[in-house]
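Please open the structure in your viewer and keep the sequence beside it. The tour moves from one selection to the next and says what is found at each.

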Amino acid sequence: MAALVKGAGWAPRPLLPVVQTWDLDARRWVRALRRSPVKVLLPSGQVVDRKPGAGKQPRKAAAGASPHVQRPKQPLQLPPSQTPSAWEESGLRYDKALPGDKRLSSVMTIVKSRPFREKQGKILLEGRRLIADALKAGAVPKVFFFSRLEYIKELPIDKLKGVSLIKVKFEDIKDWSDLVTPQGIMGIFAKPVHVRMTYPETQLHHSLPLLLICDNLRDPGNLGTILRSAAGAGCSKVLLTKGCVDAWEPKVLRAGMGAHFQVPIINNLDWETVPNYLSPDTRVYVADNCGLYAQAQTSSKAIDHGWVCDRQLSKFHKYEEEEEEELEPGAGKGWLPELEVQSYDLDWTEAPAAVVIGGETHGVSLESLQLAESTGGKRLLIPVVPGVDSLNSAMAASILLFEGKRQLRLRVEHLSRDRSHH
């Protein structure tokens with residue numbers, strides 16, 4: 001067998017590959033050619049500085065030659081774990097929601113339902129600006145859900161102590177958001193109480209002896225717009241009677257654009273308690289789109305009935321949830337208060353004034369007319385072209401509030417002129 005192997009000329013191959021020495025030398029020379037020496041040592045021992053090639057300058061020289069081109073130095077960016085910050089030094093920590101975490105969905109179920117919202121005493125605020133306004137006014141946060149840490153770091157650190165911070169996916173916030181373009185942060189706050197809030201100094205400085213009472217306002221967009229107009233006109237406060245939409249509903253908050261934290265709002269009031277929020281000399285005026293032509297019908301239970309302006313017949317019609325009881329002729333004539341009708345642009349702000357705005361569906365209630373009569377108020381008529389629908393509630397409120405603001409401003413100017421003459 002050995003003879004056969006020798007005869008075939010077979011020889012075992014080496015286990016390790018043989019590297020040619022010329023190959024290693026060639027690689028060294030290639031690396032050497034790529035280098036850029038700074039100094040050259042000649043055989044005579046002389047050291048010569050290497051001159052930069054054409055079009056190249058040393059970094060220091062280039063910086064000195066064109067200082068206007070030099071960019072400002074950026075701070076050293078360290079990893080987040082190595083960068084000390086006031087936010088981290090304060091000891092704030094956040095949780096990262098894992099797949100299947102139900103905390104966001106469970107909280108959203110509560111704050112989006114009015115019964116649960118009133119029972120738990122919590123509201124939902126969405127968006128960085130609205131949350132910042134709420135914190136500035138003294139609202140108490142409970143939980144923040146956010147998709148990026150930068151959104152939380154924008155908020156005041158002292159307002160975040162003791163607050164649960166939970167980072168969730170943006171898709172989860174988008175699923176529960178009422179905004180067309182969600183901003184990536186949602187906050188759960190304790191329901192604000194107006195006596196504990198701190199309203200802007202500019203708002204308090206421009207506050208007027210003008211008050212707004214909302215009666216049977218059911219549309220969230222209208223109420224939010226009305227609150228925004230009340231804040232812009234300088235109302236001292238806004239009262240909402242039972243039957244109005246919740247002022248802290250997400251749609252009302254979105255339409256209000258931060259007005260909730262600029263003017264005191266007192267929600268869910270009985271008509272018996274409304275006078276407690278009025279100064280003794282306040283006169284109550286009722287917005288009326290068809291007062292000059294209004295004729296009223298009466299019914300047995302005045303507290304269950306209200307009036308809506310019929311645009312075709314130009315008269316008030318009663319509405320009631322229960323079945324109407326038939327009355328003898330003349331049995332209920334004393335229920336309807338007799339209020340004088342006055343054009344909205346005539347002076348009605350000689351005393352502190354409260355304006356009642358009714359909803360478009362049910363109009364103002366009988367209790368508002370009785371309150372206006374007891375305080376010496378009137379119906380304020382906003383005339384419209386015959387055949388045209390009555391004004392939107394938010395539009396009517398804006399017209400009356402800014403008309404009251406104009407009258408008060410003129411009164412102040414007249415007083416200042418009289419003082420200057422004397």
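The stops below cover a sheet, a helix and two aromatic pairs in what is a predicted model.

**The sheet**

Select β3, β4, β5, β6 and β7. These five strands make an open sheet with mixed pairing, and their order across it is β3-β6-β5-β7-β4. Look next at the two edges, β3 (95-96) and β4 (122-126): each has a single partner strand, so one side of each has no neighbour in the sheet. As background, strands of a sheet pair through backbone hydrogen bonds, in either a parallel or an antiparallel sense.

**Strand β7 and its partners**

Narrow the selection to β7, residues 185-190. Is this strand largely enclosed by the rest of the structure or not? Five of its six residues are buried, so β7 is largely enclosed.

Add β5, residues 141-146, which pairs with β7 in the antiparallel sense over five bridges. To follow the register, find P141 opposite F189 in β7, then F144, whose bridge partner in β7 is G187.

Now add β4. β4 and β7 are also paired in the antiparallel sense, over five bridges, and K122 stands opposite A190 in β7.

Show helix α7, residues 128-137, as well. Helix α7 lies across β4, β5 and β7, and runs at about 30° to β7.

**Aromatic pairs**

There are four aromatic pairs in the structure. For one of them, show the side chains of F144 and F189: the pair is edge-to-face, 5.8 Å centre to centre, with 80° between the planes. F144 belongs to strand β5 and F189 to strand β7, so the pair ties together parts 45 residues apart in sequence. F144 and F189 are buried.

Move on to Y285 and W348. Their pair is tilted, at 5.5 Å centre to centre and 55° between the planes. Y285 sits in strand β11 (residues 283-288) and W348 in the loop between β14 (341-343) and β15 (353-358), so this pair links distant parts of the chain, 63 residues apart. Y285 and W348 are both buried.

**Helix α11**

Finally, select residues 220-233, which form helix α11. At 1.5 Å a residue its 14 residues should span 20 Å, and the end C-alpha atoms are 20 Å apart, which agrees. Ten of the 14 residues are buried, so α11 is largely enclosed by the rest of the structure; among them are L223, I226 and L227.

At the N-terminal end, D219 caps α11, with a side-chain oxygen 3.1 Å from the backbone nitrogen of G221. After α11 comes G234, which has a positive phi, near 95°.

How values were computed. Residues are numbered from 1 along each chain as its sequence is written. This is a predicted model: local features need pLDDT of at least 70, side-chain atom pairs count only at pLDDT 80 or more; totals for chains, interfaces and linings use all residues. Side-chain values use heavy atoms; hydrogens and water are left out. Two strands pair if DSSP finds at least two bridges between them. Helices (H or I, at least four residues) and strands (E, at least two) are DSSP runs, numbered from the N terminus. Contact means heavy atoms within 4.5 Å. Axes are lines fitted to C-alpha atoms, for helices over the stretch in contact, and angles run from 0 to 180 degrees between N-to-C directions. The expected span of a helix is 1.5 Å times one less than its number of residues. Buried means under 20% relative accessible area, exposed over 50%, partly exposed in between (1.4 Å probe, protein chains only). A polar contact is a pair of N or O atoms within 3.5 Å; within protein, one must be able to donate a hydrogen and the other to accept it, and residues adjacent in sequence count only if both atoms are side-chain atoms. Rings of Phe, Tyr and Trp (its six-membered ring) pair if their centres lie within 6.5 Å; planes under 30 degrees apart count as stacked, over 60 as edge-to-face and the rest as tilted.
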